[in-house]
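Reader: Could you take me closely through the interior of this model, looking at how its nonpolar residues gather and at what surrounds any enclosed space?

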Amino acid sequence: MAQIALIAPPTFRAITTGGGKQQQHELSYSRKRVSLASVVPSRKMKKVPLFVSSNCGGERSRSVVVKVSGGGTISLPHGWPPQKGSEDQIESINRMKGSNRFFTIGLVAAWYSSNIGVLLLNKYLLSNYGFKYPIFLTMCHMTACSLLSYVAIAWMKVVPLQTIRSRVQFFKISALSLVFCVSVVFGNISLRYLPVSFNQAVGATTPFFTAVFAYLITFKREAWLTYLTLVPVVTGVIIASGGEPSFHLFGFIICVAATGARALKSVLQGILLSSEGEKLNSMNLLLYMAPMAVVFLLPATLIMEENVVGITLALARDDTKIIWYLLFNSALAYFVNLTNFLVTKHTSALTLQVLGNAKGAVAVVVSILIFRNPVSVTGMMGYSLTVFGVILYSEAKKRSK
């Protein structure tokens, strides 16, 4: 490990430790870059601590982490070498790091709460409360996403507005929106017939369908080890199906269809919006997809869920809580997308993937505690095997890149 101590600009002292011995090296820097090739020959080193020292040597050191690139070269952070008064600046940076850490923890908690909350509330409304209109419920979600997305982007400037540049791009987004509608509606329908625990077990097979569609549509082949990790994913669902006390065939088929549609949307998005001029971040994509989804869902709910608006208003006259349930549930559906974007922005896509694997397990436990649905040891073993397979699949994908 190498430690770099600033003695007096532009001179640095590098202290290397190894085999119980310490060596000191005088280094000079140019344009905020320090060459450590002679001191730290290993290209595997990713980070070194950077220490500030005073000429007097009596003040305590401050540190900031810097990355080491190939050949042992590091880039100094902004504001280095520190000038007079830099101790206050570094203290301020440390305080900002602490606040950013708490902000990230808050974001992750909000992401978990919104994801699990909308899932459980959907289950309560469609199954326990008796609101048997999944298409209308999905339309409420998409309406809220349309309005809140506009507020977040046009008024609050959460992200810069990206415009649709061509008619072709518009039709591509429309196709994605249609597949998105199918996945959400089918997912909500399945909650009428299946407990959340089994719904999450089936939903965990998304990587399997993603790999299948990627191969069928783009002929993209993964490494054999990646395909091998999908075996426990599918096997776990088969075991969970056999051991599920509340198994419902129609609900199972619809849940599988929802999972497949979710995977298909992911693959199509990578194909249709692959060019630099057509790429949209998830917030702008939702801004355009949600209103399109409302257009698709409105005739569907009027035809397939006859007089749903009148029935909802009649329910509201008897119990006003249904209105608050729908409003809160619709807002949660938007915050699922918002927190998904923010967590990815402030951490990484890999972090979100890991959190997603854990989210399913947390949702299962919470749903069992709330709804008291019966579970079997076989069913839980099957679900555990599926989650284990998903983790292996994520790791295999990461290593194959």
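Author: What follows is a description of the buried interior, beginning with the nonpolar cores and ending with the cavities. The model is a predicted one, and its largest nonpolar core holds 60 residues, of which Phe136 and Ile173 touch the most other members. The elements that give two or more residues to this core are helix H1 (86-128), helix H2 (134-155), helix H3 (167-193), helix H7 (249-272), helix H8 (282-304), helix H9 (308-318), helix H10 (321-346) and helix H11 (349-371). Among these contributors H8 gives the most, with eleven residues. If one leaves aside residues up to four places away in sequence, Ile173 touches Ile164, Leu273, Leu280, Leu285, Tyr288, Met289 and Met292. Another core, of ten residues, lies apart from the largest one, and its members include Val202, Ala240, Tyr383 and Val387.

As for enclosed space, there are two cavities of 30 Å³ or more, and the largest cavity contains about 70 Å³. Its lining is made up of Ser197, Phe198, Ala201, Ala240, Glu244, Val375, Ser376, Gly379, Met380 and Tyr383, with helix H4 (196-203) and helix H12 (377-400) being the elements that give two or more residues to it. By character, the residues of this lining divide into six nonpolar, three polar and one charged. Two of the names recur across the description, since Ala240 and Tyr383 belong to the core of ten residues and also line the largest cavity.

Conventions. Residues numbered from 1 in each chain as written. Predicted model: local features only at pLDDT ≥ 70, side-chain atom pairs only at ≥ 80, totals over all residues. Heavy atoms only, no water. Core = buried A, V, L, I, M, F, W, Y, C linked by side-chain atoms within 4.5 Å. Buried < 20%, exposed > 50% of the residue type's maximum accessible area, 1.4 Å probe, protein only. Helix = DSSP H or I, 4+ residues; strand = E, 2+ residues; numbered from the N terminus. Contact = heavy atoms within 4.5 Å. 1 Å grid on protein atoms, 1.4 Å probe; cavity = no way out; pocket = protein on both sides within 12 Å on 5 of 7 lines; lining within 4 Å. Points joined across faces, edges and corners; volume = space filled by probe spheres on them. Nonpolar A, V, L, I, M, F, W, Y, C, P; charged D, E, K, R; others polar.
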